[in-house]
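Good morning, colleagues. Please take a moment to look at the structure on the screen before I begin.

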Amino acid sequence: MEERELVIHVEDLNKVYKLYKRNRDRVAEALGLSRSPRFTEHYALRDVCLDIRRGECVGIIGTNGSGKSTILKIITGVLHETSGTVEVHGRISALLELGAGFNMEYNGIENIYLNGMMLGFSEKEIDEKLQDILNFADIDDYVYQPVKTYSSGMFVRLAFAVAINIDPEILIVDEALSVGDVFFQAKCYRKFEEFKKKGKTILFVSHDLSAISKYCDRAVLLNQGVKLGEGSPKEMIDAYKQVLVGQYEAPKGGQDVPDLTADADVRAALERRKRQQAGLNPETLEYGSKEAEIVDYFLTDAKGVQTTAILKGDEFSVHMKVKIHRDLPAPIFALSIKNIKGVEITGTNTMVEKSFLDGVSAGQTKEISFTQKMRLQGGDYLISLGVTGYEKDNFVVYHRLYDVCNLTVVSDKDTVGYFDMESRVEVKDI
């Protein structure tokens, strides 16, 4: 099989930022008043190599701060690299940060022409594409209002309509689709399929692992500016799950990364970020008498690997470790799952399941595991845990942790509603 043409070539790419502790240090260096450096270097990207061929749909995944948006901005020319090589062969249309390339004082029509001309189209060529853009955006008469009056959803509809209808050879998208409603997202992904059939190239960043799994031919995993690997979406999602729980060792080599952890504020920020990357909520709502205390909690997938990303259809377990501080008659251990809008989707407890109805003694530690098949639709959910009980007919809350951690369901097929009923469909000739 003939190898397809290379359209994006990135070799040994580095992007370094100077970090100053005080603004006066920045000013002193700018004026040449500093004899020694007053900054530390932060590598947003370190020695990254990447090749993308015509017709591929490639997704880039990684935690916040891993360099995903930075590499897209360098490829599109919005940022300049510190060192390395970036080659692009073909007309790029990019949908990066919300608002990039739009004049907020102009109305929608004026911004369509502004963006089109920036991409090298003549007014006549834009005239020919205008109706397709308006039909795709579907924002009615708002297109004649200043863009600054748009909602974020309307804005992204117009921006994506422009990006996708000017016939690019390479489409680059950075998380923008997460702003639109579910119907608009579906329309955008249908356009992705259409683009792929036409042999066009798509490069996009997304936290939606389901979209990466379903639409990408290949995925690239970044972490703290380093490319950990590339391969099939499944392989990279599995590696990403290891990164989330700190079980993936980043490759060593290259220049030493400056140690900023001596600063207490930086240490606290890094610890907060580490918890967020592991899917733990640093702002968990917590209350109760703590006569029984939840001291640890985590999720595991069907293979027993600790993770917060679960494949739809697989078995998974929610674990919590509870330390008992007082003799209790019959504690109830509970689990519930909510969507990100706060709607409680499902839940259970040891009393409902009739799995543990005994008393416990002070000093004991119990590990509770809830194991079930993942039938939720693809997306993000929140886990809540609790230990409660009844004492002389009074309901007592020993410890509750609301929205304690994130659960990401990875799916390549979503049905309607919250649950997949796992229907078996049969069509017969009669």
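I shall speak about the sheets, the hairpins, a charged patch and the salt bridges. Please bear in mind throughout that this is a predicted model.

Let me begin with a general remark. The strands of a sheet pair through backbone hydrogen bonds, and the pairing is either parallel or antiparallel.

I turn now to the sheet that contains β1. It is an open sheet of 3 strands, in the order β2-β1-β4, and its pairing is antiparallel. Which strands lie at the edges? They are β2 and β4, the latter covering residues 83-88, and each of them pairs on one side only. From one strand to the next, the twist averages 25°.

We may look at the two pairings of this sheet in turn. Strands β1 and β2 run antiparallel and are joined by 11 bridges. One contact to find on the screen is that of Ile8, whose bridge partner in β2 is Ile52. On the other side, β1 and β4 also run antiparallel, with 5 bridges joining them. Here Glu11 stands opposite Thr85 in β4.

Glu11 leads us to the surface. Which residues gather with Glu11 in a patch of negative charge? The patch brings together Glu11, Asp12, Asp47, Asp51 and Glu87. Strand β1, residues 6-20, and strand β2, residues 39-53, each supply at least two residues of this negative patch. Asp47, for example, has its place in strand β2.

The next sheet is formed by strands with higher numbers. It is again an open sheet of 3 strands with antiparallel pairing, and its order is β11-β13-β16. The edge strands, pairing on one side only, are β11, residues 292-300, and β16, residues 365-373. Neighbouring strands in this sheet are turned against each other by 20° on average, with direction ignored. Strand β13 spans residues 315-324 and is joined to the antiparallel β16 by 9 bridges. Within that pairing, Glu315 has Lys373 of β16 as its bridge partner.

I should also like to show you two hairpins. The first to consider involves β8, residues 218-223, and β9, residues 226-231, which pair in the antiparallel sense over 5 bridges. Val220 has Glu230 in β9 as its bridge partner. How many residues lie between β8 and β9 in the hairpin? There are 2, and Gln224 in the turn has a positive phi of about 50°.

The other hairpin is built from β14, residues 332-339, and β15, residues 344-349, again paired in the antiparallel sense over 5 bridges. Lys338 finds its bridge partner in β15, namely Glu344. This hairpin has 4 residues between its strands, and Gly342 takes a positive phi near 95°.

Finally, I come to the salt bridges. A pair is counted when a side-chain nitrogen of Lys or Arg lies within 4 Å of a carboxyl oxygen of Asp or Glu. By this rule the count comes to 20 salt bridges. One of the pairs to look at is Lys191 with Glu194, whose side chains meet in a salt bridge at 3.5 Å, N to O. Where do Lys191 and Glu194 lie? Both belong to helix α6, residues 182-197, and they are 3 residues apart, about one turn of the helix.

That concludes my presentation, and I thank you for your attention.

Methods:
Residues are numbered from 1 along each chain as its sequence is written. This is a predicted model: local features need pLDDT of at least 70, side-chain atom pairs count only at pLDDT 80 or more; totals for chains, interfaces and linings use all residues. Side-chain values use heavy atoms; hydrogens and water are left out. Two strands pair if DSSP finds at least two bridges between them. Axes are lines fitted to C-alpha atoms, for helices over the stretch in contact, and angles run from 0 to 180 degrees between N-to-C directions. Patches are made of residues with over 30% relative accessible area and no salt bridge: like charges are joined within 9 Å, nonpolar side chains (Val, Leu, Ile, Met, Phe, Trp, Tyr) within 5 Å. Accessible areas come from the Shrake-Rupley method with a 1.4 Å probe; for residues, only the protein chains shown count as cover. Lys and Arg count as positive and Asp and Glu as negative; His and the chain ends are not counted. The place of a charge is taken as NZ of Lys, CZ of Arg, CG of Asp or CD of Glu.
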